[in-house]
Structures are given as C-alpha cells and as structure tokens.
Amino acid sequence: RLPPFSNNEFDKYDRLKMSRCSNCGESLIWLDDKVIYPDVSLVAPPHEDMPESAKDLYMEAASIVGKSPRASMAILRLAVEDLVNNNFGGKPNERLYVNIQTIIDSGKYPEQINKSLETIRLYGNIAVHDTEFLFDKPKDHYEVIFELLNVMVDSTITQDKKLNSIIETLPKSDQNKINQSNVKKVDQIEK
C-alpha cells in the first residue's frame, strides 16, 4: 500500500502527462511542457558518414547536452580527437592541439575545417578546466558546436567519397593516368 500524498507531492504528479510519438510510436512522459522521458536532444543527429567510433561519442554527448553542457563538450572533444587520429592523419599518442596544428600546417583542409577543429577542442578543454564554463550561454548555443562536427564530416569524408565515386565513373585508362600523375607532371604538360 502506498502512503498518501501530501498536497505538494500530488501537485507535482498532477503535472505529469503521457503521450505517444506520432512518428515512432514510443511513449513520452511530460512534466508540464517539457519531455522528461526519453531524453530528448535538440542536437541534430550525427552525419551519416561519421565513423562509428566518433558517432558513438557524438550520440553520448548529444544525450547529455541539456543536463550537462560541460560533460557534453568534453565528450564532443573526444569525438574530434577520434576523427583527427583515425581519419585526418593524427598520431594517436600525440596531444590533440599538436595534431590539429600539424593538420593546419599541411594545408590539406580549408581554413574553416581547421577553425572547426580548434573550436571544438577549445570548448572541450574549457569545459574540463574552467569551473565557470559558459553557464551564461543558452542551451541551444551548444547545438552549433555539434553542427560544426557534422559540417566537418560532410566537407571532408563525404565530399571525398563523392569525388572518388565520380572519378571511378571515368574509363580505367583515364583513372590510371590520373593516379600516376602529379602536380609537377601536370605543370610540365600545361607549359
């Protein structure tokens, strides 16, 4: 048998509502006008071409951004570190800022990608080391940081895949010539 509710306790439970999602059919629990179950994130889902290990970290960070922006930004930094080490040529035992500087110095990626890497790294570092971490920012401010990671994946991994698939439609003999050429040879031909 449950003990009787006091008036204050009953008011709290009277504000709870349940509904069913019209898209997926899952149950939702509301407290006033806020969904409290399941955890709902306003963050966009990870880019479909994001590697699984980074995607897992992205999803973990997205699941807690509303509850703990600090922890979320620290985990998102780990997702960037994973991308840098596994997709952008970073060295796994090197500090992230050193790997990012190496990427910048290589000139392989446009400045926007370099700035995005550095932005997410800085947010993650500040979240871990600064106890006053950006608490004055609205929750949707952090959505932008997640979007940076998605745009980076699109601009690098997805665009590389698209370009490679276009080149693969060319005759094999042309592909072989392209693969054997380099800038120096192309410059000599143009002269």
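This passage walks through the overall makeup of the protein, then the packing of H2 and H3 and the loop between them.

The model is predicted, so to speak on paper only: local features need pLDDT of at least 70, side-chain atom pairs count only at pLDDT 80 or more, and totals for chains, interfaces and linings use all residues. Residues are numbered from 1 along each chain as its sequence is written, and side-chain values use heavy atoms, with hydrogens and water left out.

The protein has 8 helices and 3 strands (DSSP runs, H or I of at least four residues for helices and E of at least two for strands, numbered from the N terminus). Read from the N terminus, the order is α-β-β-β-α-α-α-α-α-α-α. Of its 191 residues, 28% count as buried, meaning under 20% relative accessible area, with exposed over 50% and partly exposed in between (1.4 Å probe, protein chains only).

H2 and H3 pack at an angle of about 170°, their axes 8 Å apart (lines fitted to C-alpha atoms over the stretch in contact, angles running from 0 to 180 degrees between N-to-C directions). That makes H2 roughly antiparallel to H3, a label for angles over 145 degrees. Among the residues in contact (heavy atoms within 4.5 Å) are Leu57 and Ala61 of H2, and Ile75 and Leu83 of H3.

Gly66 sits in the loop between helix H2 (52–64) and helix H3 (69–87). Gly66 is partly exposed, at a relative accessible area of 47%. Tyr142 is 76 residues from Gly66 in sequence, yet their C-alpha atoms are 9.2 Å apart in space.

Methods. Parallel < 35°, antiparallel > 145°, perpendicular 65-115°, else oblique.
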